Amino acid sequence: MNRCLSILWKTAAIGFVWELLAIFSPAQSGVPHFWNAATSIDSFARFGNFSGNTLAAGVKVLIGESMRTLIRALLGMGLGAVGGYALGAAVLMLPGWQAVPVKAIASLRAVPPLALVFLLVFLSPRGEGATVAYIAICVALLVSGTLHDTRHYLPEPLLQQVRHLGGKRWHQLKDVAAPAMWDQTRQTCAWACQLLLPLSFGAELINSQSGGLGALGYQAFLYANLPQLMILAVIYIALGQFITPFVSHLITPHPIPTHSTS
Amino acid sequence: MRGARCRNRNNNRPGEVKPNGTSVVEVRSLAFSRPTGSVRREIFTDFDCDINAGEFVCLVGPSGCGKSTLVGLLSGALMPAKGIINFPNGKPRLGVQFQADALFPWRHIWSNLGYALEIRGHGKEARRAHAARLCELVELDPITFLDRYPGELSGGECRRVSLAMAISANPDLLLIDEATGNLDWLTRRNMQQMLQKLCAERKLTVLAVTHDVEEAVWLSDRILVMQHGGDTKEFIIDLARPRDEATRKNPAFIEKVAQVAAHLSATQQREARP
């Protein structure tokens, strides 16, 4: 409840600042009043299969497209985190074959991520898979890149200890590397969560036939519809405030004691 | 004494590897170098030594002469550039106490000490019982310590738990890298006594690195004084066991300490010359 109130308050504060901007900016700048934007919600109805531009139809379209974007983002996050962790684990687990995942990560990092969207759109013309795959690849790169970069900071004596006590490489990964890197992995997942909406927006904007909030943004931009853009901005802000603490809450910190009596 | 080689008790000549019943490790012509900047620094060029079953061998020497490197090479963490490390009776089970305590900071002490059993698939009760036995061996009260985390222990307690961890898989050869480093005088003495008792009870073969000559003489059967490059001088410590605080006042003990210390300082002075 408090979270919802907080989101509402912050959204209202942003709306207030916007309204001040609309009041004090020159008329030709085209910044619409908050009320004008709010009354433009019904204009979104034309993106759905509705006969008339009613407020209810507009709200239905916005909710539907928001859910579509959220599902894509969370699906991409899940696939990307699992894939990225597997790739990062391969770097740790396969010392003889380390060169392959290390080079794969280095090569993928060199590609501007947005460039991947065009390629993925060609591979998945209907767009659904392209958006999810794009988010998954970006998240996987973040997670695997973090594991790749932090592998040099693993506690070497502890890895050796596990080996001397009879552990295999799997035990080193499970009992040393994973807990030792847990904080970094958690941090990376939190960053990835914060990037989910920008990533989905980028993918949906380019792949505008796929629907979603990004596709609505593309349409609004195409017709220079500032009230619609403003509504979308408010929705993105609200979703952003909702998604980050929600996913961060799921990734609970490992109870590693840090205090010392010595 | 520069150029003196480490000899074993069986009078094997350097370079000659003879399978015998007593040697646990035979090291021959070992060479190792480390990259320092753009060049490689030679740690050893030609190092030989033997460690016999049931023996307590101490390695002393100036900083950077390769004592810890030798432990790393014997434990398999480092690979030699050349030379051989031979285990005449098959590869022994190794226990290593590292310079930095190698404990899982996110696990309780019982979970740390029971880790060797966890790998072998034993249940929680068996692991706790094993950990309690190990705690008693290193003179820590299981009731007090089993449910603590390593971060909640003092330096001395941590070193004891590290030692218990090193012997938790019942090793044939124990490698100790500065067991009593950074400990106060009293804790150091207690650790030495506990180590002696532990080695006698478990009939452990030990190779220990230390900077403390008195500790080396008190603990060991043999001391290897290492120099940069790998040359070593051996001192046999034939003092009676078990050793106690009275041993430290024994003229033979004091003489041995003086001999080793004199050789060590002569080595350091020689190496310091331009």
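These are my notebook entries on a predicted model with chains A and B.

**Entry 1: confidence**

I began with how far chain A can be trusted. Its mean pLDDT is 80, and 88% of the residues of chain A reach 70 or more. Next I looked up where in chain A the confidence is highest and where it is lowest. Helix α7 (residues 156-164) of chain A comes out highest, with a mean of 89, while helix α2 (residues 34-38) of chain A is lowest, at 73. I also marked residues 258-262 of chain A, where pLDDT stays under 50. For that stretch, the model has 10 contacts beyond four places in sequence.

**Entry 2: where the chains meet**

How many residues of each chain are in contact with the other chain? I found 24 residues of chain A in contact with 27 of chain B. Together the two chains bury about 2,100 Å², and 61% of that area is on carbon and sulfur atoms. I then looked for salt bridges between chain B and chain A, and the count is one. In a salt bridge, the side chain of B:R107 meets that of A:D175, at 3.3 Å from N to O.

**Entry 3: a cavity in my notes**

My search of the whole structure gave two cavities of 30 Å³ or more. I picked the second largest, which holds about 40 Å³ of space. Which residues line the second largest cavity? Among them are B:F56, B:C58, B:I176, B:L195 and B:E215. Three elements of chain B each supply at least two lining residues: β3 (56-60), β7 (205-209) and α8 (213-219). I sorted the lining by residue type and got eight nonpolar, one polar and one charged.

Key:
Residues are numbered from 1 along each chain as its sequence is written. Chains are lettered from A and ligands numbered from 1 in the order in which they are written. Side-chain values use heavy atoms; hydrogens and water are left out. pLDDT is the predictor's confidence in each residue, from 0 to 100. Helices (H or I, at least four residues) and strands (E, at least two) are DSSP runs, numbered from the N terminus. Contact means heavy atoms within 4.5 Å. On a 1 Å grid over the protein atoms alone, a cavity is a set of points where a 1.4 Å probe fits but cannot get out, and a pocket is an open set with protein on both sides within 12 Å along at least five of seven lines; lining residues have an atom within 4 Å of a point. Grid points are joined across faces, edges and corners, and a volume is the space filled by probe spheres set on the points. Ala, Val, Leu, Ile, Met, Phe, Trp, Tyr, Cys and Pro count as nonpolar, Asp, Glu, Lys and Arg as charged, and the others, Gly among them, as polar. Buried area is the accessible area (1.4 Å probe) that two parts lose on being put together, summed over both. A salt bridge is a side-chain nitrogen of Lys or Arg within 4 Å of a carboxyl oxygen of Asp or Glu.
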